[in-house]
Amino acid sequence: MLGSRSLQVPVAVVAAACCISGAALAITTNARSVVDLSPTGVWFANDDADSVSHVGLAGNDAVVAVNRPVGALTVTELDGVAYVVDDEGRLSRVDPALLRVSRRAQLPSSSSQLVAGGGRLYVVDRARGTAGELDPVELRALGKPVTLGRQLGKAIVDDDGVLWVPDIATGEVLEIEGSVVRSNNRVADPGDNVHLSAVGSQIVAINGDTATVTEVASGGVGTMYSLAITGTIDVPSLV
């Protein structure tokens, strides 16, 4: 195991570190609405109205209908385009120029997570333990999905378009580019509660069981920091 350093961190800073996720910042506002901030404005889901809204920084607001989604909607933004997923894994691509749904597709399962960054779009199927890249325009698979593991945590994508996925069963963080697993980095003991985030360009693994933060990179793991926090925090609620 790597040596650790003590780090005095206010809870508010830990919350910010857990929430930052590269090019897009996803904020859970309530049980049925997810907001996604992009450089040009904010996309958010209107579950009751079966639509998504865009509030532009320059006042270019819009509402786009999504035909008969099931359950709550989650919005992921990539280069100004909104990708909307419902509870059954049905994906809709909202074209920002046309302000309408331009393409639809079905994700592998209802437990699929859509993540984006660095010009690339990935889908992680936590039920099947696979990950694969999607064409951002056509929404078709690019190459074959990579088989990872059956106990995957929430993934993120860095600014270079590299996918990072925690494998809870092994305590490793997997680095995937396209359809190739580039590295697997041990950051925790098997079964530990690990969540990923990005602080600037640095990927970090936050271990909720040991209250530590470990730097992760292509060359392996870096420094592990101990979070010296008085009291307790619910790490999943901060992500």
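Me: A strand is a run of at least two residues that DSSP marks E, and strands are numbered from the N terminus. In which strand does D167 lie?

Reply: This is a predicted model. D167 lies in strand β16, which covers residues 163–167. For the wider setting, the protein has 2 helices and 22 strands.

Me: How do I read burial, and is D167 buried or exposed?

Reply: A residue is called buried when its relative accessible area is under 20%. D167 is buried, yet it has no salt bridge. The nearest side chain of opposite charge belongs to R186, 10 Å away. A salt bridge needs the two charged groups within 4 Å.

Me: What does D167 touch, apart from its neighbours in sequence?

Reply: Leaving out residues up to four places away, D167 touches L148, G149, Q151, L152, E172 and L174.

Me: Take another Asp. Where is D158, and which side chain of opposite charge is nearest to it?

Reply: D158 sits in the loop between β15 and β16. D158 is buried and has no salt bridge; the nearest side chain of opposite charge is that of R120, 8.0 Å away.

Me: Which polar contacts does the side chain of D158 make?

Reply: To read a polar contact, look for a pair of N or O atoms within 3.5 Å. The side chain of D158 reaches the backbone nitrogen of V162 at 2.9 Å. A polar contact of 3.0 Å also joins the side chains of D158 and W164. Beyond four places in sequence, D158 is in contact with G117, G118, W164 and I203.

Me: How do I read a sheet, and in what order do the strands around β16 stand?

Reply: Follow the paired strands from one edge to the other. Here 4 strands form an open sheet in the order β15-β16-β17-β18, with antiparallel pairing. β15 (156–157) and β18 (180–186) each have a single partner strand, so one side of each is left without a neighbour in the sheet.

Me: How many bridges link β16 to β17, and which residue stands opposite L163?

Reply: β16 and β17 (residues 172–177) pair in the antiparallel sense over 5 bridges. L163 stands opposite I176 in β17.

Me: Why does I176 count as buried?

Reply: I176 counts as buried because its relative accessibility is 0%. Setting aside residues up to four places away, I176 touches Y122, A131, L148, V162, L163, V165, V181 and R182. One of these, A131, is 45 residues from I176 along the chain, and their C-alpha atoms are separated by 8.6 Å.

Me: How can a whole strand be read in this way, and how many residues of β8 are buried?

Reply: Count the buried residues, then check each face. In β8 (residues 81–85), 5 of the 5 residues are buried, so the strand is largely enclosed by the rest of the structure. V81, Y83 and V85 lie on one side, A82 and V84 on the other, and both faces are covered.

Me: Which strands are joined to β8, and by how many bridges?

Reply: Strand β7 (residues 74–78) is joined to β8 by 5 bridges, and the two run antiparallel. The bridge partner of E77 in β8 is A82. Strand β9 (residues 90–95) is joined to β8 by 4 bridges, again antiparallel. There, V84 stands opposite S92.

Me: What lies between the strands of these hairpins?

Reply: In a hairpin, look at the residues in the turn and at the sign of phi. The hairpin of β7 and β8 has 2 residues between the strands, and D79 takes a positive phi near 55°. The hairpin of β8 and β9 has 4 residues between the strands, and G89 in the turn has a positive phi of about 80°.

Me: Where else can I practise: how are β20, β21 and β22 joined?

Reply: β20 (residues 202–207) and β21 (residues 212–217) run antiparallel and are joined by 5 bridges. A205 has T214 in β21 as its bridge partner. This hairpin has 4 residues between its strands, and A211 in the turn has a positive phi of about 55°. β21 then pairs with β22 (residues 220–227) in the antiparallel sense over 5 bridges, and the hairpin between them passes through 2 residues. V213 stands opposite Y225 in β22.

Me: What share of the protein is buried?

Reply: Buried residues make up 47% of the 239 residues. The protein exposes about 11,300 Å², of which carbon and sulfur atoms supply 52%.

Technical notes: Residues numbered from 1 in each chain as written. Predicted model: local features only at pLDDT ≥ 70, side-chain atom pairs only at ≥ 80, totals over all residues. Heavy atoms only, no water. Buried < 20%, exposed > 50% of the residue type's maximum accessible area, 1.4 Å probe, protein only. Lys, Arg positive; Asp, Glu negative; His and termini not counted. Contact = heavy atoms within 4.5 Å. Pairing = 2+ DSSP bridges. Areas by Shrake-Rupley, 256 points an atom, 1.4 Å probe, with all protein chains shown as cover. Polar contact = N/O pair within 3.5 Å; in protein donor to acceptor, adjacent residues only side chain to side chain.
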